Amino acid sequence: MAANPPEKNWRKETLAIHAGDLKDPVFGEVSPPIFQTSTFSFATAEAGAARFSGEEPGYVYTRMGNPTVNALETAVATLESGAWAVAASTGMAAISAVLFGLLNRGDLLVAGDCLYGPSHVVIAGELPRFGIEPLFVDASDLGPLEKALRRRPRLVFLETPTNPTMKLTDIAAASRLAKQAGALLVVDNTFATPYSQRPLKWEADLVVHSLTKALNGHSDVLGGMIVGRDPNLYKRIKRFITLTGAVMDPHQAWLILRGLRTLALRLERSQANALELARFLEAHPKVAWVRHPGLPDHPQHQLAQRQMEGFGFMLCFGVKNGLEGGRVLMNHLRLITLAVSLGGVESLIQHPASMTHAGVPRQEREQTGITDDLVRLSVGCEALADLQDDLEQALAQI
Ligand SMILES: *Cc1c(COP(=O)(O)O)cnc(C)c1O
């Protein structure tokens, strides 16, 4: 049922291209087909029964499994150094499957205080309806995390780098603390991608992704993924996704597999662009501050050097004249597009306080560093000079 097992010593650039290859091509096709079928036939009644019971490998019904979706699952599991991956219709479906599929009434959940907006809203606003209590902590500092873990939560849910504040958590230290407390550590690795950070290598229990972002990379499809190593967690997550119908469809999987093949090329360019733009902005008189893990003055730059295999394509900065300055900047950009989402080949800019994080109460936003002047930039693959010129001319309007 699995796609071609890649060779152990292949590097991530090669794996991004080949880890999703099918083991048994029908006509020698190089690109895996889109198995656009809802159901699969059985040769005999006995074979059908054997397939249903799992005695015989093979497919039954696409909500339960599909070869194209399976190829993408294998590719992402391999890139993350995981043992398995389960695809979901969106990143939020993947995150919801982890939270609703693994937590029970009466459980405590510890979550980073700075998360993708809808993740925060689900944890703070939906889980309590099911008797699951959330506790938000600043996980960039291990002290508050350690203290929260004394209350024996079932699960810890984090982003590193955080959206949009670019704070980091030491994943190895957090997983050590979580294990001691008997909690599972789940890391949303959307910002870094497995190309630049592999939380499972640092002993996180599960990784979740919005494939909508850099893994697909072309701002044209939604998707999510959960990756892990423990077979018992696989069974529970797979069951939850299958039964609730939060699955990915084969066409979606094929598009993301296509995007994934250029992951290394895209990230090498976007990461290099991001670091250069961070340096350019830091030196600009109209810019108040810049945060990017690759800058030596990022408070956790050393952790970034140790934990990450690249500094990512995301950065945030504050312009002089606060919210108004940010508004002027965004309204005068000609190349960089004003839009939410991130990780595409095109550069996107947005204002979290009024857009992605508007659902988070103002006081909580300010506490976690999402100030009104914060502008978030997802750096794409355009020519660096064009991006720089665009920012220069728009900043001049402030
Ligand atoms: C976009 C995003 C999500 C949600 O993904 P969707 O595919 O939009 O559901 C979750 N986490 C992070 C960090 C994201 O950027």
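**View A. Helix α4 and the shell around the ligand in the predicted model**. In this predicted model, helix α4, which spans residues 91–102, contributes three residues to the shell around the ligand and thereby gives the most to it. The shell is made up of four nonpolar, six polar and three charged residues. Of the 13 residues around the ligand, those that come nearest are M92, D188, S210, T212 and K213.

**View B. Polar contacts of the ligand with M92, D188 and S210**. At M92 the partner is a polar backbone atom, which lies 2.8 Å from an oxygen atom of the ligand, whereas at D188 a polar side-chain atom is placed 2.7 Å from a nitrogen atom of the ligand. S210 also uses a polar side-chain atom, which is found 2.9 Å from an oxygen atom of the ligand. Taken on its own, the ligand has 380 Å² of accessible area, and the protein covers 93% of this area.

**View C. The two domains of the protein chain and the contact between them**. According to the domain assignment, the protein chain contains domain 1, with residues 12–260, and domain 2, with residues 263–395. The centres of domain 1 and domain 2, taken over C-alpha atoms, are separated by 26 Å. On the side of domain 1 the contact takes 42 residues, and on the side of domain 2 it takes 38 residues. Between them the two domains bury about 3,300 Å², of which 57% is on carbon and sulfur atoms.

**View D. M166, L168 and Y195 on the domain 1 side of the contact**. These residues, M166, L168 and Y195, together supply 20% of the area that domain 1 buries against domain 2, which is more than any other three residues supply.

**View E. Cis peptide bonds before P161 and P164 in the loop between β4 and α7**. P161 is located in the loop that runs between β4 (155–159) and α7 (171–180), and the peptide bond leading to P161 from T160 is cis, with omega near -5 degrees. P164 likewise has its place in the loop between β4 and α7, and here a cis peptide bond, with omega about 0 degrees, joins N163 to P164.

**View F. The backbone of T193 in helix α8**. T193 is not a glycine, although its phi is positive, at about 65 degrees. The residue T193 is placed in helix α8, which comprises residues 193–196.

Technical notes
Residues numbered from 1 in each chain as written. Predicted model: local features only at pLDDT ≥ 70, side-chain atom pairs only at ≥ 80, totals over all residues. Heavy atoms only, no water. Near = heavy atom within 4 Å. Polar contact = N/O pair within 3.5 Å; in protein donor to acceptor, adjacent residues only side chain to side chain. Areas by Shrake-Rupley, 256 points an atom, 1.4 Å probe, with all protein chains shown as cover. Helix = DSSP H or I, 4+ residues; strand = E, 2+ residues; numbered from the N terminus. Nonpolar A, V, L, I, M, F, W, Y, C, P; charged D, E, K, R; others polar. Domains from an automatic or database assignment. Contact = heavy atoms within 4.5 Å. Buried area = accessible area lost by both parts, 1.4 Å probe.
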